[in-house]
Amino acid sequence: MKTPNTPVPRLARIALAGAAALAVLAPPAVARDTLEIGASSSRYSASLPSGRSAHLRGSWALGSGTVLNAELLGERKFDADGGIAAAGVTQTIDADWFAGAALAGGWGGPNWNRSRVDASVSRKWGAERRWITTLGGYHARFDAGRSDSGLKISATYYAQSFGIVELGATLNRSRPGQVSSTMPWLALTLGVPGEQTLALRVSHGREAWLALGDTVQPVDFSSTTVGADWRWWIAPDWGVVLRAERYLNPSYRRTTLGGGVFVQM
């Protein structure tokens, strides 16, 4: 499956910083080399300035059950510029087990992590190995001595008839202050890869930090994120993707629209 955007709360920071790590959570099934380039635009309530982002993502099958993932993300939000560079690897261990690890580094101020490391291990269950459970951990460092660390747990079911269902949660501890927060999520992917897929995701829980520009406050508040990702293969080796996301917390609302083009080899 770090979403956890610029001056952002903890969940958005995790999503950005762990973009490569999210791919670690997906089982290394039939791998195809993939490149994607895209952009997005965000509008905020509470008289906050608009934001924008651009990304370049890649995934490469290296053989022997190894898949390499990488991402470069640049953003402007809350009148600040920053970004994230991340790389991760997924390794098949045997028919039942696979594991992953990722490293990320950022720049641009308190809203992007300076460094982050993720690791996870997953197991397939059942005669057809349609169930997958994942346990992962992460640690991220920010400016001014702040840090996030915690666990990610999830269960995924690959349904033969309609798609993929995933249920999980992020258990986070933020420092200073030893502030704990929990963010559960539910995701559903429908469709057929190579034709069209629609991925839906909703998360609702608590966050520990709220960052707006250079102002960082340790707070405990609730938030909700709802997102959709539509991927359409125009030809067998390339297509387009459209994304939409709505984020809400007690301080502001954010609406993000974006898209991109991907190529598979």
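A salt bridge is a side-chain nitrogen of Lys or Arg within 4 Å of a carboxyl oxygen of Asp or Glu. In this structure, R254 forms a salt bridge with E245, with the closest N and O atoms 2.5 Å apart. The model is predicted, so local features need pLDDT of at least 70 and side-chain atom pairs count only at pLDDT 80 or more, while totals for chains, interfaces and linings use all residues. Residues are numbered from 1 along each chain as its sequence is written, and side-chain values use heavy atoms, with hydrogens and water left out.

**Figure 1. The whole protein has two helices and 14 strands.** Helices (H or I, at least four residues) and strands (E, at least two) are DSSP runs, numbered from the N terminus. The protein has 265 residues, and 45% of them are buried. Buried means under 20% relative accessible area, exposed means over 50%, and partly exposed lies in between (1.4 Å probe, protein chains only). The protein exposes about 12200 Å². Carbon and sulfur atoms supply 63% of that area. Accessible areas come from the Shrake-Rupley method with a 1.4 Å probe; for residues, only the protein chains shown count as cover.

**Figure 2. Strand β14 pairs with β13 and with β1.** Two strands pair if DSSP finds at least two bridges between them. Strand β1 covers residues 34–44, and β14 covers residues 253–264. These two run antiparallel and are joined by 11 bridges. Strand β13 (residues 238–248) also pairs with β14 in the antiparallel sense, over 11 bridges. β13 and β14 form a hairpin, with four residues between them.

**Figure 3. R254 and E245 meet across the hairpin strands in a salt bridge.** R254 is the bridge partner of Y44 in β14. R254 also stands opposite Y247. The bridge partner of E245 in β14 is T256. How buried or exposed is R254? At 2% relative accessibility, R254 counts as buried. E245 counts as partly exposed, at 26%.

**Figure 4. E36 and R57 join strands β1 and β2.** A search of the whole structure finds 14 salt bridges. One of them links the side chains of E36 and R57, at 3.3 Å from N to O. E36 sits in β1 and R57 in strand β2 (residues 51–63). The two are 21 residues apart, so the pair links distant parts of the chain. E36 is buried, at 7% relative accessibility. R57 is partly exposed, at 29%. Which residues share a network of salt bridges with E36 and R57? The network also includes E71, D229, R231 and R243.

**Figure 5. D96 and R129 tie two loops together.** Their side chains meet in a salt bridge of 2.6 Å, N to O. D96 lies in the loop between β4 (80–92) and β5 (97–107), and R129 in the loop between β6 and β7 (131–141), so the pair ties together parts that are 33 residues apart in sequence. D96 is partly exposed, at 21% relative accessibility. R129 is partly exposed too, at 35%.

**Figure 6. S122 is buried in strand β6.** The strand spans residues 115–125. Relative accessibility at S122 is 1%. Its side chain makes a polar contact with the side chain of T134, at 2.7 Å. A polar contact is a pair of N or O atoms within 3.5 Å; within protein, one must be able to donate a hydrogen and the other to accept it, and residues adjacent in sequence count only if both atoms are side-chain atoms. Leaving out residues up to four places away in sequence, S122 touches D96, W97, F98, I132, T133 and T134. Such a contact means heavy atoms within 4.5 Å.

**Figure 7. A nonpolar patch lies on the surface.** The patch measures about 1000 Å². Its members are L35, I37, L56, L72, W107, W232, I234, W238, V261, V263 and M265. β1, β12 (215–235) and β14 each give two or more residues to the patch. Patches are made of residues with over 30% relative accessible area and no salt bridge: like charges are joined within 9 Å, nonpolar side chains (Val, Leu, Ile, Met, Phe, Trp, Tyr) within 5 Å. I234 lies in β12. I234 is partly exposed, with a relative accessible area of 40%.

**Figure 8. L35 in strand β1 has V263 among its contacts.** L35 is partly exposed, with a relative accessible area of 36%. L35 and V263 are 228 residues apart along the chain, yet their C-alpha atoms are separated by 5.3 Å. Setting aside neighbours within four places in sequence, L35 is in contact with R57, G58, W60, V261, F262, V263 and M265.
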